[in-house]
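I opened the notebook to look up how the chains meet, which charged side chains pair, and where one strand sits. The entries follow in the order in which I looked things up.

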There are 2 protein chains.
Amino acid sequence: MKVIIIGAVAAGSKAAAKLSRLRPDWDINIYTEDAHVAYSECGMPFYLAGNFSDYKKLFVRTPSEFEEKGIRVFLQNKIIKILPETKEVLVKNLVKEKEYTTNYDKLIIATGAVPFIPEIKNVNCRNVFALRTIESCIAIKKQMVQSNHVTIIGSGYIAVELLEAFIRQGLLITLLNKHKNLMNFFDPDISKIIQKHILKKNLREINLLSKNTAIEFVGDGYVNSVKTQTGIEFPTDMVVIATGIRPNVKMAVDSGIELGSTGAIKVNKRMETNIPDIYACGDCVEKFHIVANAPVWIPLGSTANKEGRCAAINVAGDYEEFNGVLGSAVTRYFNFTMSMTGLTEKDAFKYGFEPVSVLVAKSDKSGFMPEAENITIKLIADKKTKRLLGAQAVGIGDADKRVNTLTSALLSNMTIEDFFRNDMTYAPPFSTSIDPVLIAAQELINKLNKS
Amino acid sequence: MKVIIIGAVAAGSKAAAKLSRLRPDWDINIYTEDAHVAYSECGMPFYLAGNFSDYKKLFVRTPSEFEEKGIRVFLQNKIIKILPETKEVLVKNLVKEKEYTTNYDKLIIATGAVPFIPEIKNVNCRNVFALRTIESCIAIKKQMVQSNHVTIIGSGYIAVELLEAFIRQGLLITLLNKHKNLMNFFDPDISKIIQKHILKKNLREINLLSKNTAIEFVGDGYVNSVKTQTGIEFPTDMVVIATGIRPNVKMAVDSGIELGSTGAIKVNKRMETNIPDIYACGDCVEKFHIVANAPVWIPLGSTANKEGRCAAINVAGDYEEFNGVLGSAVTRYFNFTMSMTGLTEKDAFKYGFEPVSVLVAKSDKSGFMPEAENITIKLIADKKTKRLLGAQAVGIGDADKRVNTLTSALLSNMTIEDFFRNDMTYAPPFSTSIDPVLIAAQELINKLNKS
C-alpha cells in the first residue's frame, strides 16, 4: 500500500509517525512544499522571546528520522492537484521547477493553514512578515535583532505572544488592533482585564492603537512607516502581520474535495473527506464543537495531533473516531495566563443558548502563602438546563489549572450543580480550601436559582 | 432559634459563618475547648517552614469577627456531653474549672480529629509534640529554634511537610517510618518515586529509618534519645509524632451519637446524625467515597469546609446535600508535588474492582521550554467496565493540574475511553501538544484492549 501525506507540520507528521508504527511495511511518503518537517509552530513565538536559543529545538522529528523508519520525505515538493480518478497526484518540485505525477492508494491532506494577509498598500515589502513556517520565524529573528521599533498588526494569541517576544528583546512596539480590546476571542469582560494587565505592565514599550488598521506601508520595497485608516503615520523598522490564519484548502478545492460551512475541509469522525481513500486532518479541516454541537474552525496544535493520529489509524484499516473539540486554549503574557474552554458567553448566544455567567476574582492559593496570586474566573451555564457551557480564567495565578478542571465536565454534559459536587485537591500552596472554580460555581448556581 | 456549634476550626467555623449569613437573627453559639477559632490547620507546616513569619496569618476569622456578626464564641469551654432528651449540653469552662449546662434547639458537632499517639515509653515528655492546634504549632516552633536534631515519627502528609519545614530551618532529621516507603497512602510504585526523590534531594539532612518504630523516649521528662524496636538508639533534641489522626468522637459516643463502620460519626447526605436536630461535619464524621461507593474516613480541610456549609444550610431549614468525596489530595516537598484523586490501585482491589494501571513519565511542558520538568502519572481503570478509578501524579513538574483534570471524570463515571476524548488547553509553556495525562490514558486503553 502506498500512502501519500501532504504536509508535515503537526497533523501530517503525527499521521506519518503513527502509520509507520501501525504498518511498518507500507510505502509512506510525505510531500511538503516546505523545506522542513515536523516542527512546533506553537513554539516559534517562544523561540523569538529567547526562551531557548537554538531554533532546531522546535523540530519534533527530522527528515532523516522519518527516513530511518522507512518514510520517504519529499521536501519542497508541492502537490498541485489530486487526481482521484487515476489515484495520482500532480507534484511540482520547487527546486528543479519540474512537474510530475505519482500514484497513491490512500492519501492524507494535512496542508494546515496560511496567514490571512489584509489588503494593505505595499504589503509585500521585505521587512513585512507573517509568522507561520520555520523560514518566516528565522527571517523575523534576523530582522528583529537589527530593529528598534516593530509594528504588530493583530491582537490574538500570536500577536500577544510576539508582543512579549519583542519586549524581551528590548524593542518598542506599536500594535494595531482593529478591535476594541486585545485577545478579542475572550468575552469583553475578560479581554478588558487582559488589556489592562498588558498595558499596565509594559506601558513604556507599547503604543497600542485600538480600532486602527494599517492601510499603507510607506517605503520602497522596505517599510519605513505605517499609515492607518484614522490618519496616523508612524515610523517602524519592521512589521509582523498576525491577523489570523485561514485553512489552506486551495489545492483540495481544485481537486474536488468538499469544504464545510466554515470554509475548511469537511471530514467525518474518521477524518474521511467526500472522496474515497482521501483523508484530511489538522488546521485545514473543519472541527465539530462538542458543546456548540456545530461545525467550527478552531485551528490548534493539540487538535491537529489528535486528528493526525485518528487519520493514520483509519488509513491503516483500523477504526478510530475523533469526536471533536471543546475549544480549549491557553497562552501567557510573561507570567499572566489566559485560558479558556467551551463556549464564551458571546458564542453561547450565537449557538442558541441562554447563557448566564459569573465573574469571580480570587486568590489561587491560601492567602498566607507568599506565592498566592489573583485569578479571575468566568463561568458560563445555560439558564434553562443549567448545563455548563464554558469557562475563561486569567491572571498571574494558576488560571490554566482551573480551566482544565472543566473539560471532562463539558464532555459529559454536566450541569453546574453536578460540577459543584467536585472534589478537587487542596493544600495551601495549591489552592484555597474551597477552590476558586468551585466558589465561582456556587455563585453561578445562586445566580441561576434567583433568575 | 438557638444553635450550638461544637468546635470551630474548618467545619465549625464555616458552619457558623454560613448560618449567620442565612439566619442573621438566630442565636448562634460556638463552643470550643481550644483557645483559638477558625485557623488553617493545613497551613501550619507551611508556617513552620518559614513561608510566612506571623502565625496569625493562619486565622481565617477571629473571635471578634464572629462576635461582630452576632455569633457568640465560648473559648476554652469544652462540651462534656450532649443531653438530647432535654436538648442541653453539659459544658466545662476550662479556665474557671466549672461545669454548667445550656440549652440548644439545633446542634452541630464539629469536633474534628485528634492525633493518634502510639504506645511509646515516656511519650509525655515536654519536648515531644504532635501538630494539631495553634498552641502545638507555636510550641513546636519554640522548641525547633533551639534544636539541632529533630525526630519525626510518621511518614504521611504532615510528616513530609514537617520534614521540609525542619530542613528549611537547618535541622538534621531522623525519620522513623513503620512502613517501607514514605507517603504510603500512594501505591508502592509512586511512593517509591517519592522516597527516592526526597532522599536524593536531602540525603545529608535526613536519616531515614524505615520499618522502624519508637519504643522508648529516653530522658527524665525531656527526651534526650530515642530507642526503636530494632535496637537502634539515637540522640535528639525534640520529637514530633505524625502517625496519623483519629476522629474526635468520645463526647459524641458518650452522648449516644452513632458511629459508622470507620469509627467516625455516621451522617446522612444532609449531615444529620442519628439524633434529631443534631448535625455533624468535618473531620469527626464519616464520608462517602463516590468511586468506592463505600464509607471512608478521609479527613481533609477542603471536605470539612463543604460539610460545614452543607450542615449550616440544613440547620437553617433549607435543603442541601453533600454527595461525598473522591479522595483528592495534594501536597509538596519543596518543589516536588504529590497528588492523587479517586482510588489507588491497592484500594481499588479492596473495593472489589479489577484495576488495571499504567505508569507514564513525561515532560509536563514542551521539551524546548526551559521550565519543562518531568512528571509521573499513574492512571487506574477497571478491567471489566473500563471505568476510570483514580490517578496519582508526582514530580517537579505540574502534576497537580493533571490530577484535577480527572475529578469531573470520576464524578460522572467516565470510562477511560470517554476521558481520552478530552480537549485540554495546550501551549508550549503549559503542556505538550498531547497532554501527558492523555498519553497515559491512551496507554491504559491499549493495555485494557490487550488484556
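Does Lys287(B) count as buried or exposed? I looked up its relative accessibility, found 3%, and so entered Lys287(B) as buried, where buried means under 20% relative accessible area, exposed over 50% and partly exposed in between (1.4 Å probe, protein chains only).

Before going further I noted that this is a predicted model, in which local features need pLDDT of at least 70 and side-chain atom pairs count only at pLDDT 80 or more, while totals for chains, interfaces and linings use all residues. Residues are numbered from 1 along each chain as its sequence is written, chains are lettered from A and ligands numbered from 1 in the order in which they are written, and side-chain values use heavy atoms, with hydrogens and water left out.

Entry on the partner of Lys287(B). I found a salt bridge between Lys287(B) and Glu307(B), with the closest N and O atoms 2.9 Å apart; the term stands for a side-chain nitrogen of Lys or Arg within 4 Å of a carboxyl oxygen of Asp or Glu. Glu307(B) belongs to helix 8 of chain B and Lys287(B) to strand 19 (residues 287-289) of chain B, so this pair ties together parts that are 20 residues apart in sequence; helices (H or I, at least four residues) and strands (E, at least two) are DSSP runs, numbered from the N terminus. Glu307(B), with a relative accessible area of 1%, is buried.

Entry on the interface. I counted 60 residues from chain B and 60 residues from chain A in the contact, which is defined by heavy atoms within 4.5 Å. The area buried between chain B and chain A is about 5,000 Å², and carbon and sulfur atoms give 59% of that; buried area here is the accessible area (1.4 Å probe) that two parts lose on being put together, summed over both. Phe368(B), Asp423(B) and Thr425(B) supply 15% of what chain B buries against chain A, more than any other three residues.

I then looked up the polar side of this interface and noted 27 residue pairs in polar contact between chain B and chain A, both residues at pLDDT 80 or more. A polar contact is a pair of N or O atoms within 3.5 Å; within protein, one must be able to donate a hydrogen and the other to accept it, and residues adjacent in sequence count only if both atoms are side-chain atoms. Helix 8 of chain B gives the most to the side of chain B that touches chain A, with five residues.

Entry on salt bridges between the chains. The rule finds four across the interface of chain B and chain A, and 44 over all chains. Arg332(A) pairs with Glu371(B), the closest N and O atoms being 2.7 Å apart. In the salt bridge of Lys401(A) with Asp400(B) that distance is 2.4 Å; this pair crosses from helix 10 (residues 399-404) of chain A to helix 10 of chain B, and I noted both Lys401(A) and Asp400(B) as buried.

Entry on chain A alone. Arg421(A) forms a salt bridge with Asp418(A), the closest N and O atoms being 3.2 Å apart; Arg421(A) is partly exposed at 36% relative accessibility, and Asp418(A) is partly exposed at 27%. I also found Asp187(A), Asp189(A), Glu345(A) and Lys378(A) linked in a network of salt bridges.

Last entry, on a strand. Five of the six residues of strand 11 (residues 172-177) of chain A are buried, so I entered this strand as largely enclosed by the rest of the structure.
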